[in-house]
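Colleague: May we go through this model together? I would like to understand how its parts fit.

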Amino acid sequence: ADRFIQDAIVNGLGRLADVTLLRGVGTDASPKGARQFVLDSGDADLVFNSAGTTLANKVADLSKAVRVVQENNIPFLNAGWVFDKRTEWGLKSTLTTDGQFVFMAEMAAGMLMGFPFKSTTAMPTNIGTGSNKAEVLELTISPDGAYHNGSAVVSGLSQDTTPIRAILRHDTASRFRGLEGALIQDVAWA
């Protein structure tokens with residue numbers, strides 16, 4: 001029984017961390033999540049609607065997300081994707097015109113277009129046009145927990161504010177003022 005309760009608490013905290021660190025709006029003493037940093041960046045190119053559901057549209061959207069972040073001179077040391085489970089399976093089941101899986105093999109290895117991905121139920125599938133769309137985040141995460149404090153880059157390690165401790169004890173910060181991510185909205189790839 002103790003193990004069951006422990007596992008339930010750990011899983012609940014993990015989900016809360018996903019929701020907060022990905023989609024938190026930074027109000028009412030709650031941390032700002034990656035999505036909000038991108039929205040607040042002021043760079044209109046980083047937030048765009050999906051081009052559609054065809055294979056060409058999916059590839060164009062994913063490529064654009066990587067390109068617009070790279071055009072901001074953000075180092076791509078720890079880049080990756082975050083999306084919901086429906087989008088994960090929509091991508092995995094994408095077929096070529098002759099019935100071959102496009103992304104399945106790469107995604108089975110935990111990668112998408114050369115970058116790791118994570119899927120989570122913390123990303124909603126009931127937003128956007130028709131209230132049945134999702135979002136895809138492309139993020140570059142600082143390996144040392146560094147962030148921009150408004151005037152300088154601060155090392156999270158030297159300040160004893162590692163990303164793991166940030167989940168439970170500190171607010172989040174964006175090293176590049178939201179420019180280290182892209183947000184594809186109105187995604188219906190399932």
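**Strands and salt bridges**

Modeller: Strand 2 and strand 4 (residues 115-119) run parallel and are joined by three bridges. Please keep in mind that this is a predicted model.

Colleague: Which residue of strand 4 is the bridge partner of V82?

Modeller: The bridge partner of V82 there is K118.

Colleague: And how does strand 2 pair with strand 5?

Modeller: Strand 2 and strand 5 (residues 134-140) pair in the antiparallel sense, over four bridges. Within strand 5, E138 is the bridge partner of W81.

Colleague: Why is strand 2 described as largely enclosed?

Modeller: Five of the five residues of strand 2 (residues 79-83) are buried, so the rest of the structure largely encloses this strand. Both of its faces are covered: A79, W81 and F83 are buried on one side, and G80 and V82 are buried on the other.

Colleague: Why would residues split between two sides like that?

Modeller: In a regular strand, side chains alternate between the two faces of the sheet.

Colleague: Changing topic, how many salt bridges are there?

Modeller: The structure holds five. One of them joins the side chains of E135 and R35, at 2.7 Å from N to O. This pair links distant parts of the chain, since E135 is in strand 5 and R35 is in helix 2 (residues 34-40), 100 residues apart.

Colleague: Are E135 and R35 buried or exposed?

Modeller: Both E135 and R35 are buried.

Colleague: What about K32 and D40?

Modeller: Their side chains meet in a salt bridge of 2.9 Å, N to O. K32 is partly exposed, with a relative accessible area of 23%, and D40 is partly exposed at 44%.

Key: Residues are numbered from 1 along each chain as its sequence is written. This is a predicted model: local features need pLDDT of at least 70, side-chain atom pairs count only at pLDDT 80 or more; totals for chains, interfaces and linings use all residues. Side-chain values use heavy atoms; hydrogens and water are left out. Buried means under 20% relative accessible area, exposed over 50%, partly exposed in between (1.4 Å probe, protein chains only). Helices (H or I, at least four residues) and strands (E, at least two) are DSSP runs, numbered from the N terminus. Two strands pair if DSSP finds at least two bridges between them. A salt bridge is a side-chain nitrogen of Lys or Arg within 4 Å of a carboxyl oxygen of Asp or Glu.
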